[in-house]
Amino acid sequence: MKIQPAVLFAAALMTVSPLASGQTIANPSFEEPAVPVGESFITPVSPGYAERIPEIQWAFGMPAGICRQSVAYAEQLQAPDGAQVAFIQGDPSSDMDFPIKSIMGVDITGLVPGKNYEISWQQTGRATDLGRCAIAATLMASNFPTIVLFGREPVETKGAWQRMSAEFLAPTDTLRLNIQHAIIEPGNTEPGSESTLFDDFQIKALD
Ligand SMILES: [Ca+2]
């Protein structure tokens with residue numbers, strides 16, 4: 001049977017379609033920009049709900065941001081990928097209720113509606129903290145129900161990276177990933193206590 005040109009054209013489109021592997025998380029390892037020499041970290045200029053830092057492409061509440069490995073929030077800790085990580089610092093004044101200030105988020109783009117994906121990342125509690133933290137991770141888009149990846153998942157390790165992963169069905173092509181952070185068992189009483197670090201976000205299509 002002779003194959004019609006239209007069929008060949010459609011097949012060619014499928015071969016080169018960027019949607020086949022187009023799912024993207026911007027700056028997934030927090031390597032850009034390089035934290036300036038003499039500085040340990042970059043955080044939002046002003047407190048508030050998830051301020052987007054253009055150079056990083058992620059939004060961070062206060063206190064959260066990126067830092068170099070082995071210093072500051074990542075003291076005694078090597079990044080699992082590259083040399084920088086993200087952090088969310090606990091907010092001792094607002095334990096237990098997942099305050100919107102202690103948050104970081106980014107848009108996931110290039111998803112194909114109706115396809116299944118796996119998202120994963122590395123996380124760990126700061127080695128020198130005494131208390132216990134938890135995260136909630138959601139995916140959101142206007143006019144679609146919120147997808148809960150983790151509702152209230154304790155951070156199980158300190159100073160040792162643990163890969164978190166969850167699967168989801170994409171309802172639309174762009175979803176906002178938000179990770180909220182809370183102290184569930186206060187250990188330190190100083191400001192800046194109880195932090196969780198993140199690195200190496202990955203997303204892959206499952207079908
Ligand atoms: Ca990194």
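User: What is the bridge partner of Ala-86 in strand 13?

Analyst: It's Phe-198. Keep in mind that this is a predicted model.

User: What makes strand 6 and strand 13 a pair?

Analyst: Pairing takes at least two bridges. Strand 6 (residues 84-89) and strand 13 (residues 195-205) are joined by four, so they pair under that rule. The two strands run antiparallel.

User: Which residues does Ala-86 touch beyond its neighbours within four places in sequence?

Analyst: Phe-30, Ile-66, Met-104, Leu-197, Phe-198 and Asp-199. They count as contacts because each C-beta pair lies within 7 Å. Phe-198, the bridge partner in strand 13, is on that list too.

User: What makes Ala-86 part of a nonpolar core?

Analyst: Ala is one of the residue types allowed in a core, where members are buried and joined through C-beta atoms within 7 Å. Ala-86 sits in the largest core, which has 45 residues, and is listed with those having the most contacts inside it. Ile-66, Cys-67, Val-85, Phe-87, Met-104 and Leu-197 are on that list as well.

User: Ile-66 and Cys-67 belong to strand 5; how do you know whether that strand is mostly covered or not?

Analyst: Count its residues: five of the five in strand 5 (residues 64-68) are buried. Buried means 20 or more other C-beta atoms within 10 Å, so every residue from 64 to 68 reaches that cut-off. Ala-64, Ile-66 and Arg-68 point one way, Gly-65 and Cys-67 the other, and all are buried.

User: What does strand 5 pair with, and why does each case count as pairing?

Analyst: With strand 6 there are five bridges, running antiparallel, and Arg-68 stands opposite Gln-84. With strand 2 there are two bridges, also antiparallel, and Ile-42 has Ile-66 as its partner. Two is still at least two, so strand 2 and strand 5 pass the test.

User: Where does that put these strands in the sheet, and why are some called edge strands?

Analyst: The sheet is open, with six strands in the order 2-5-6-13-8-11 and antiparallel pairing. Strand 2 (41-42) and strand 11 (162-169) each have a single partner strand, so one side of each has no neighbour in the sheet, and that makes them edges.

User: How many helices and strands does the protein chain have?

Analyst: One helix and 13 strands. Along the sequence, the helix precedes the strands. Of contacts with a separation of 6 or more, 74% link residues 24 or more positions apart.

Technical notes: Residues numbered from 1 in each chain as written. Predicted model: local features only at pLDDT ≥ 70, side-chain atom pairs only at ≥ 80, totals over all residues. Buried ≥ 20, exposed ≤ 12 C-beta atoms within 10 Å, placed from the backbone. Contact = placed C-beta atoms within 7 Å.
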